[in-house]
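Hi,

Here is the structure I promised to pass on. Have a look at it first, and then read on for what turned up when I went through it.

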Amino acid sequence: YLQKKKKDKFYYNISYTLFNSELQYKDKKWHIDDYNLRNNATIVLGSQFHRFHGVCLRFDLSEGYPYTEIDKANSDIDTKYIVADGWNTKRRKFRAKIGFRYDLTWYLKRSNITLYAEVKNLLNQKDILFSYYDPAQSKIVCFDGMGILPVGGLTIDF
């Protein structure tokens, strides 16, 4: 983890995380968990200006979620998976997300109040969270995660 503190009204923050998340399934074996992104890098670039205002851009890069390939030939009402190589041995496409944040801060004698607005996932990249085989349509149906997400809030520091 590397961070440069606010200096000359500019700051940045760079971080990299490597982790492995496993889950014990019905077969009593440990397999890669569905939400294991494994390699994750984050870069934040920001600036404070006019003392009360701040903006920053956040870049998140990570591997895609793991998944198990669906066996279309043998699936009907119940979805069947190809597990010859194991569970969750495939990876979905690489993830890249960008966010923008604006802060308005009031500095009081014993506290700070910050009002912020943020837009996450400006690239509108939707992750596939779950998929199954639909025999009526003879195709794999995917459920996507959220795309662009606006966020706002208030922070009070004492």
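Let me start with a pair of charged residues: Asp 103 forms a salt bridge with Arg 101, and their closest N and O atoms are 2.8 Å apart. The two partners differ in cover, as Asp 103 is buried at a relative accessible area of 12%, whereas Arg 101 is partly exposed at 22%. Elsewhere, Arg 95, Lys 97 and Asp 127 are joined into one network by salt bridges that share partners. Before I go further, please keep in mind that this is a predicted model.

Staying with that network, the side chains of Asp 127 and Arg 95 meet in a salt bridge of 3.0 Å, N to O. This pair links distant parts of the chain: Asp 127 sits in the loop between strand E10 (112-120) and strand E11 (128-134), while Arg 95 belongs to strand E9, 32 residues apart from it. Both of these residues are buried. Another salt bridge, also listed at 3.0 Å from N to O, brings together the side chains of Arg 58 and Asp 60. Arg 58 is partly exposed, with a relative accessible area of 36%. In total, the structure holds 7 salt bridges.

Now for the overall picture. The chain has 13 strands and 0 helices. Its radius of gyration is 21 Å, well over the 15 Å that the globule rule gives for 158 residues, so the chain is more spread out than a compact globule. Along the principal axes, the C-alpha atoms fill a box of roughly 65 × 30 × 25 Å. Of the 158 residues, 27% count as buried. The accessible surface comes to about 11100 Å², and carbon and sulfur atoms account for 58% of that. As for contacts between residues at least 6 apart in sequence, 54% of them join residues at least 24 apart.

There is also a nonpolar patch on the surface, of about 520 Å². Phe 10, Ile 14, Ile 43, Leu 45, Leu 57, Phe 100 and Leu 122 make it up. Strand E2 (10-18) and strand E5 (39-49) each supply at least two residues of this patch. Ile 14 has its place in strand E2, and this residue is partly exposed, with a relative accessible area of 35%.

Ile 98 is worth a click too. You will find Ile 98 in strand E9, which covers residues 95-107. Its relative accessible area is 24%, so Ile 98 counts as partly exposed. What does Ile 98 touch, leaving aside residues up to four places away in sequence? The list is Leu 57, Arg 58, Phe 59, Val 119, Lys 120, Asn 121, Leu 122 and Leu 123. Two of those names have come up already: Leu 57 and Leu 122 are among the residues of the nonpolar patch. Ile 98 and Asn 40, for their part, are 58 residues apart in sequence and 14 Å apart in space, C-alpha to C-alpha.

Last, the cysteines. A disulfide is a covalent bond between the sulfur atoms of two cysteines. How many disulfides are there here? The count comes to 0. Cys 56 is buried, with a relative accessible area of 12%, while Cys 142 is partly exposed at 38%.

That's what I have for now.

Cheers

Methods: Residues numbered from 1 in each chain as written. Predicted model: local features only at pLDDT ≥ 70, side-chain atom pairs only at ≥ 80, totals over all residues. Heavy atoms only, no water. Patch = residues over 30% accessible without salt bridge, like charges linked within 9 Å, V, L, I, M, F, W, Y side chains within 5 Å. Areas by Shrake-Rupley, 256 points an atom, 1.4 Å probe, with all protein chains shown as cover. Salt bridge = Lys/Arg side-chain N within 4 Å of Asp/Glu carboxyl O. Helix = DSSP H or I, 4+ residues; strand = E, 2+ residues; numbered from the N terminus. Buried < 20%, exposed > 50% of the residue type's maximum accessible area, 1.4 Å probe, protein only. Rg over C-alpha atoms; globule rule 2.2 N^0.38 Å. Contact = heavy atoms within 4.5 Å. Disulfide = S-S within 2.5 Å.
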